[in-house]
Amino acid sequence: MSVPPGSIIVSDWQRFPDSREFFSRILHNKKRRKFGLLEAPMMPPHMNVDIVRYKVFISGKTGVGKSALAARLAGLDFPKMHYETTGIETTVVFWPVRLKESGRVLFFRFELWDCGESAIRRFDHMLPSCKEQVDAILFLFSFTDRGSFDDLSNQITRITESSDRVVKLVVGTKFDLFMHTDVTESDVTHFQEVWGLPIFRVGGDVSAGLGEIAPLLNALAENLWHQDCMAASSVSISTPAALRETDSEIIV
């Protein structure tokens, strides 16, 4: 079961005045900064902020929008034309949050892994590589592709096991194309009741800015932090395994 939104972190913190200095570290000229694998936001000396790192695998059938979701979450340009990812692509996303109880600010570093469905079927090592030391999995379906929704249960059981300590969230893409939807709200409600997993809706352009991606990134952060704290047997005083030194990163 996922953590109720806003139970651990401040919901919609990006809207609060005290968040501006932190979110400015992932923006440049009012647009998102692009970060490489060895890069991190530049922090001034007075900002004592820890960076926590997590690996996130994006799973879904061909054409549901895995690469587009990674680009959306990172604030990058969407691919102009659809093409299937031929191997494994990684995208780095930084996202600041404030913990409700302590007021502490954390920068979450999500390393998004995306692999084409054909590549997974053709090369036996692809899926194990994506799953190795993974912290969370985003299971995608398209609201315009009923087959991708019906395949969700197969995806979840094929990729994960009940013993896996991994955060699982479901994302429905192309929600803006409601005139062509093949998945109803009753379908979504029934799935959530059966699987106990929340479904997030994305679609359209990114004109809404950070607010459009905040619910999903906040849910990832909240569930991952809770998972690590529970593993450490203490929610309030533990230091999850995701906290590591940042000296090796290149500051941009």
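Which exposed residues does the face of H7 turned away from its buried side carry? In this predicted model, that face holds Ser186, His190 and Glu193. The other side of the helix has its own short list: Asp187, Val188 and Phe191 are the buried residues of H7. Looking down the helix axis, these buried residues fall within an arc of 100°, so they line one face of H7. In general, an α-helix has 3.6 residues a turn, so residues three or four places apart point the same way.

What does that buried face pack against? The buried residues of H7 meet H5, H6, S8 and S9. As for the sheet, H7 packs on it by touching S8 and S9, and the direction of H7 makes about 145° with that of S9. Right after H7 comes Gly196, with a positive phi near 65°. H6 (residues 152-159) also sits on strands, lying across S4, S7 and S8 and running at about 160° to S7.

The sheet itself is open and has six strands, in the order S5-S6-S4-S7-S8-S9, with mixed pairing. At its edges stand S5 and S9 (199-201), each with a single partner strand, so one side of each is left without a neighbour in the sheet. On average, and ignoring direction, neighbouring strands are turned by 30° against each other.

Now for the strands in the middle of that order. S4 is mostly covered, with nine of its ten residues buried. S4 runs parallel to S6, and nine bridges join the two; here Arg53 has Arg109 in S6 as its bridge partner. S4 also runs parallel to S7, this time with four bridges, and Ser59 stands opposite Phe139 in S7. Carrying on along the sheet, S7 and S8 are parallel too and are joined by seven bridges, with Lys168 in S8 as the bridge partner of Ile137.

What about the greasy parts? In soluble globular proteins, nonpolar side chains tend to be buried together. In this model, the largest nonpolar core has 52 residues, and those with the most contacts inside it are Trp95, Phe108, Phe110, Leu138 and Trp225. Helices and strands both feed into this core: H1 (20-23), S4 (50-59), H2, S5 (88-98), S6 (105-115), S7 (136-142), S8 (167-173) and H8 each supply at least two residues. H8 gives the most, with eleven residues.

Phe108 is a handy place to look at this core up close. Leaving aside residues up to four places away in sequence, Phe108 touches Val52, Tyr54, Val93, Phe94, Trp95, Val97, Ala221 and Trp225. There is also a second, separate core of 24 residues, which includes Ile120, Phe143, Phe191 and Leu197. Phe191 in that second core is one of the buried residues of H7.

Charged pairs add another layer, with eight salt bridges in the structure. One of them joins Arg72 to Glu212, whose closest N and O atoms are 2.9 Å apart. That pair links distant parts of the chain, with Arg72 in H2 (residues 66-74) and Glu212 in H8 (residues 210-231), 140 residues apart. Are these two charged residues buried or exposed? Both Arg72 and Glu212 are buried.

A second pair is Arg109 with Glu111, where the closest N and O atoms are 3.1 Å apart. Both Arg109 and Glu111 are buried as well. Arg109 is also the residue paired with Arg53 across the S4 and S6 strands.

A third salt bridge leads back to H7. Asp187 pairs with Arg146, and their closest N and O atoms are 2.5 Å apart. Again the pair links distant parts of the chain: Asp187 belongs to H7 (residues 185-195) and Arg146 to H5 (residues 146-150), 41 residues apart. The two ends differ in cover, since Asp187 is among the buried residues of H7 while Arg146 is partly exposed, with a relative accessible area of 31%. The pair is not on its own either, as Arg146, Asp150 and Asp187 are linked in a network of salt bridges.

Methods:
Residues are numbered from 1 along each chain as its sequence is written. This is a predicted model: local features need pLDDT of at least 70, side-chain atom pairs count only at pLDDT 80 or more; totals for chains, interfaces and linings use all residues. Side-chain values use heavy atoms; hydrogens and water are left out. A salt bridge is a side-chain nitrogen of Lys or Arg within 4 Å of a carboxyl oxygen of Asp or Glu. Buried means under 20% relative accessible area, exposed over 50%, partly exposed in between (1.4 Å probe, protein chains only). A nonpolar core is a set of buried Ala, Val, Leu, Ile, Met, Phe, Trp, Tyr and Cys residues joined through side-chain atoms within 4.5 Å. Contact means heavy atoms within 4.5 Å. Two strands pair if DSSP finds at least two bridges between them. Axes are lines fitted to C-alpha atoms, for helices over the stretch in contact, and angles run from 0 to 180 degrees between N-to-C directions. The arc is that of the directions from the helix axis to the C-beta atoms.
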